[in-house]
Amino acid sequence: MQNPRVTIDQKKLEDNLSYLTYYCQEKGIQVAAVTKVINAYPGIVSIYDGIEAIKYLADSRIENIENYPVNSKKETLLLRTPMLSEADRVVKSADISLNSEIKTVRKLNEQGQIQSKIHKIILMIDFGDLREGIFEEREFFEYLSEIKDMPHIELYGLGTNLTCYGAIIPTYEILGKLVSYKQKVKALYDIDVPILSGGNSSSLYLLDSDNTTLDPDINMLRIGEAFVLGVETAFAEPIPHMHQDVFTLYGEIVEYRDKPSYPIGEVGQNAFGEKPYFEDKGTMRRGIIALGKQDVNHSAIVPVDSRLEIIGSSSDHMIIDFTLASEDYELGSEVAFQLEYGSLLSVFTSKYVNKYII
Ligand SMILES: *Cc1c(COP(=O)(O)O)cnc(C)c1O
């Protein structure tokens, strides 16, 4: 195996996928499995594809959806509101897209006509997280009065996204607003919107054992992080029965020697225009790992060996204080790290990090 590398424990990943999808299914929730954090890595997408209870595969990038397995039976869902300039590709490759702009929906309708297709949309409503979504009820009903007559658009669902930008935690009350939109649409136009998409991994905590904290009309969640890291994301709690260590990142030591902890000379700015601060801890055993900012943000990874301390990184080098563990490592040794959401995203995006399913 080549370094640096991330390993994916297939058994643990499958456990997580089966456990959580069946758990949701029992509570009447359809699962859209979100592949963006693993950059839709084909070996992993085919594992997702093999889990029968997963109904949709979802990603924010149309390129990733275009690369899904050709023989997949799952419906595909584009998470990021489409760019006007990609409407043709969206209608061609995604069965469903999340939308919040009427001009974009018009463009999708036009493309539907050109391609003789009906494209499904989920209209996104913003309840205060302040990323995507229609903000005013008046505007929502203006959109709806136009969308209901579009021949190549099917209003498949209403949705909301929380805890992504504004870190707003989903509650029964907030998701209840989604339900009341559905009821108003029914009352005004006699349209039964089939899907209410009630958020992402941060909504999972609402699925309590007797399911009294999630309205039964909420019937879809879009889940990324909980599958791969085994945590719910409203309170960052590990989910019982799920694995938190599906992924491990390994880097290799390319320099290993004692050096002072305080740089010698006048301190200017580092390679990233920052003026760094150093604490003088005397001489320490310093190791350089062949891993850098082009691969991962060092502040979003944790060494498995708790005696190691990450000091910093530049584009291609990561410096670690090995003083407490100096006897146990040498030039060429591998160092293992656990990943968080941000670092998982970057190692799967970096072409320099080799990926191995084990
Ligand atoms: C990324 C994303 C998700 C998945 O979020 P997780 O926190 O990884 O579960 C769901 N919906 C939308 C719109 C997203 O962009």
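Leu-130, Phe-135 and Tyr-165 form a nonpolar patch on the surface, together offering about 390 Å² of accessible area (Shrake-Rupley method, 1.4 Å probe, only the protein chains shown counting as cover). Such a patch joins nonpolar side chains within 5 Å, from residues with over 30% relative accessible area and no salt bridge (a side-chain nitrogen of Lys or Arg within 4 Å of a carboxyl oxygen of Asp or Glu). This is a predicted model: local features need pLDDT of at least 70, side-chain atom pairs need 80 or more, and totals for chains, interfaces and linings use all residues. Residues are numbered from 1 along each chain as its sequence is written, and side-chain values use heavy atoms, without hydrogens and water.

Leu-130 sits in the loop between β6 (119–124) and α6 (137–147). Helices (H or I, at least four residues) and strands (E, at least two) are DSSP runs numbered from the N terminus. Leu-130 is exposed, at 53% relative accessible area; exposed means over 50%, buried under 20%.

Now follow the loop into α6. Its buried residues are Phe-140, Phe-141, Tyr-143, Leu-144 and Ile-147. They fall within an arc of 155 degrees seen down the axis of α6, so they line one face of the helix (directions run from the helix axis to the C-beta atoms). These buried residues pack against α5 (102–114), β6, β7 (153–159) and α7 (172–189).

Turn to helix α1 (residues 10–26), which holds Asn-16. Asn-16 is buried, with a relative accessible area of 0%. A polar atom of the Asn-16 side chain lies 2.8 Å from the backbone nitrogen of His-243. Beyond four places in sequence, Asn-16 touches Phe-227, Val-228, Gly-230, Met-242, His-243 and Val-246 (heavy atoms within 4.5 Å).

Definitions and conventions
Buried means under 20% relative accessible area, exposed over 50%, partly exposed in between (1.4 Å probe, protein chains only). A polar contact is a pair of N or O atoms within 3.5 Å; within protein, one must be able to donate a hydrogen and the other to accept it, and residues adjacent in sequence count only if both atoms are side-chain atoms. Patches are made of residues with over 30% relative accessible area and no salt bridge: like charges are joined within 9 Å, nonpolar side chains (Val, Leu, Ile, Met, Phe, Trp, Tyr) within 5 Å.
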